[in-house]
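Reader: I would like a close look at a single part of this model, followed by one connected account of its surroundings.

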Amino acid sequence: QIQLTESGGDLVQAGDSLTLSCAVSGRTSGNYDMGWFRQAPGEERQLIAAISWDGKSTYYQDSVKGRFTISSVYLQMNNLKPEDTAVYSCGIKPDYRGDIYKASLYNYVGQGTQVVVSS
């Protein structure tokens, strides 16, 4: 059974930076792409960043482009804004399942870590 555990969430001020981490445990075989999701109160969970297993391809939602950077199991978030407040979760999918930007393809997703950005 594969489990994902996120860490690094915190209460910060607008303009601050945070780095989230994703720990993957359990038995895995093959190559896995990784994505980061977020869900704000009252909204659906969205895929905001993803990286292919070999690091050659990345995806960013427009709202985080230029501020967030995904790398291996980390999500570096700079210049945080109040609208970034959400529960952030990491997810993985086998690379053969298709494009990294398709949220529905991620079949393992963690419970999430809370990020709150105050103005």
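Reader: How many disulfides does the structure hold? Please take the cysteines involved as the part to examine, and then turn to Leu80.

Author: This is a predicted model, in which local features need pLDDT of at least 70 and side-chain atom pairs count only at pLDDT 80 or more, while totals for chains, interfaces and linings use all residues. Residues are numbered from 1 along each chain as its sequence is written, and side-chain values use heavy atoms, with hydrogens and water left out.

The structure holds one disulfide, a term for a pair of cysteine sulfur atoms within 2.5 Å. Cys22 and Cys90 are the residues joined, with an S to S distance of 2.0 Å. This pair links distant parts of the chain, since Cys22 lies in strand E3 (residues 18-25) and Cys90 in strand E9, 68 residues apart; strands are DSSP runs of at least two residues, numbered from the N terminus. The torsion about the S-S bond of Cys22 and Cys90 is about 65 degrees, and the disulfide is therefore right-handed. Cys22 is buried, at a relative accessible area of 6%, and Cys90 is buried at 0%, where buried means under 20% relative accessible area with a 1.4 Å probe and protein chains only.

Leu80 is placed in the loop between strand E8 (74-77) and strand E9 (86-94). Leu80 has a relative accessibility of 1% and so counts as buried. Leaving aside neighbours within four places in sequence, Leu80 is in contact (heavy atoms within 4.5 Å) with residues including Val12, Leu18, Phe68 and Val117. The C-alpha atoms of Leu80 and Lys65 are separated by 12 Å, the two residues being 15 residues apart along the chain.

Methods:
Helix = DSSP H or I, 4+ residues; strand = E, 2+ residues; numbered from the N terminus. Buried < 20%, exposed > 50% of the residue type's maximum accessible area, 1.4 Å probe, protein only.
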